Amino acid sequence: MTLKNQSNLLYGTKIFNNETKSIGLLICTWDNTFWSSNGAIDVPFATCVDENGKKYNIAMDNITPVEN
């Protein structure tokens with residue numbers, strides 16, 4: 001597993017976590033590379049902070065940006 005294409009471009013974006021049904025803030029985005037028998041698969045991920053200040057990583061498919 002390797003991290004690549006890390007970006008802070010969306011830092012501070014308010015997001016809705018579709019898994020926990022809660023609001024959070026996006027810190028950075030990155031691609032997580034998984035190796036399988038078919039070769040490398042890049043999955044876009046985000047590092048976010050929840051309402052309690054706890055940091056977590058989540059696939060980008062599981063979050064939605066929220067307009068202020």
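Strands S2 and S3 pair in the antiparallel sense over four bridges, where two strands are said to pair if DSSP finds at least two bridges between them, and where strands (E, at least two residues) and helices (H or I, at least four) are DSSP runs numbered from the N terminus. The structure is a predicted model, in which local features need pLDDT of at least 70 and side-chain atom pairs count only at pLDDT 80 or more, while totals for chains, interfaces and linings use all residues. Residues are numbered from 1 along each chain as its sequence is written, and side-chain values use heavy atoms, with hydrogens and water left out.

The protein chain contains zero helices and six strands, and its elements, read from the N terminus, follow the order β-β-β-β-β-β. Its C-alpha atoms fill a box of roughly 40 × 25 × 20 Å along the principal axes. Of its 68 residues, 29% count as buried, a term that stands for under 20% relative accessible area, with exposed meaning over 50% and partly exposed the range in between (1.4 Å probe, protein chains only). The chain exposes about 4,800 Å², of which carbon and sulfur atoms supply 53%; these accessible areas come from the Shrake-Rupley method with a 1.4 Å probe, and for residues only the protein chains shown count as cover. Among the contacts with a separation of 6 or more, 40% are made by residues 24 or more positions apart, a contact being heavy atoms within 4.5 Å.

Strand S2 (14-17) has side chains that alternate along its length, with Ile-15 and Asn-17 pointing to one face and buried, whereas Lys-14 and Phe-16 point to the other and are not buried. Besides its pairing with S3, S2 pairs with strand S6 (residues 63-65) in the antiparallel sense over three bridges. Asn-17 takes part in both pairings, since its bridge partner in S3 is Ser-22 and it stands opposite Ile-63 in S6.

The hairpin of S2 and S3 has four residues between the strands, and within it Lys-21 takes a positive phi near 60°, a positive value in a residue other than glycine. Lys-21 is exposed, with a relative accessible area of 59%. Thr-20 also lies in the loop between S2 and S3, and its C-alpha atom is separated by 9.9 Å from that of Ile-63, 43 residues apart along the chain. The side chain of Thr-20 makes a polar contact of 2.7 Å with the side chain of Ser-22. A polar contact is here a pair of N or O atoms within 3.5 Å; within protein, one atom must be able to donate a hydrogen and the other to accept it, and residues adjacent in sequence count only if both atoms are side-chain atoms.

Ser-22 itself belongs to strand S3 (residues 22-36) and is buried, with a relative accessible area of 18%. When residues up to four places away in sequence are not counted, Ser-22 touches Ile-15, Phe-16, Asn-17 and Glu-51.

In soluble globular proteins, nonpolar side chains tend to be buried together. The largest nonpolar core of this model has seven residues, namely Ile-15, Leu-26, Ala-46, Cys-48, Tyr-56, Ile-58 and Ile-63, and the elements that give two or more residues to this core are S4 and strand S5 (55-59). Such a core is a set of buried Ala, Val, Leu, Ile, Met, Phe, Trp, Tyr and Cys residues joined through side-chain atoms within 4.5 Å. One of the core residues, Ile-58, touches Asn-17, Glu-19, Phe-45, Ala-46, Cys-48 and Ile-63, not counting residues up to four places away in sequence.

For aromatic residues, rings of Phe, Tyr and Trp (its six-membered ring) pair if their centres lie within 6.5 Å, with planes under 30 degrees apart counted as stacked, over 60 as edge-to-face and the rest as tilted. By this rule the count comes to one aromatic pair. Trp-30 and Phe-45 form this stacked pair, at 5.1 Å centre to centre and with 20° between the planes. Trp-30 lies in strand S3 and Phe-45 in strand S4 (residues 39-50), so the pair ties together parts that are 15 residues apart in sequence. Both Trp-30 and Phe-45 are buried.

Asp-42, which also lies in strand S4, is partly exposed, with a relative accessible area of 38%. A polar contact of 2.7 Å joins its side chain to that of Thr-33, and Asp-42 touches Lys-4, Asn-32 and Thr-33 when residues up to four places away in sequence are not counted.
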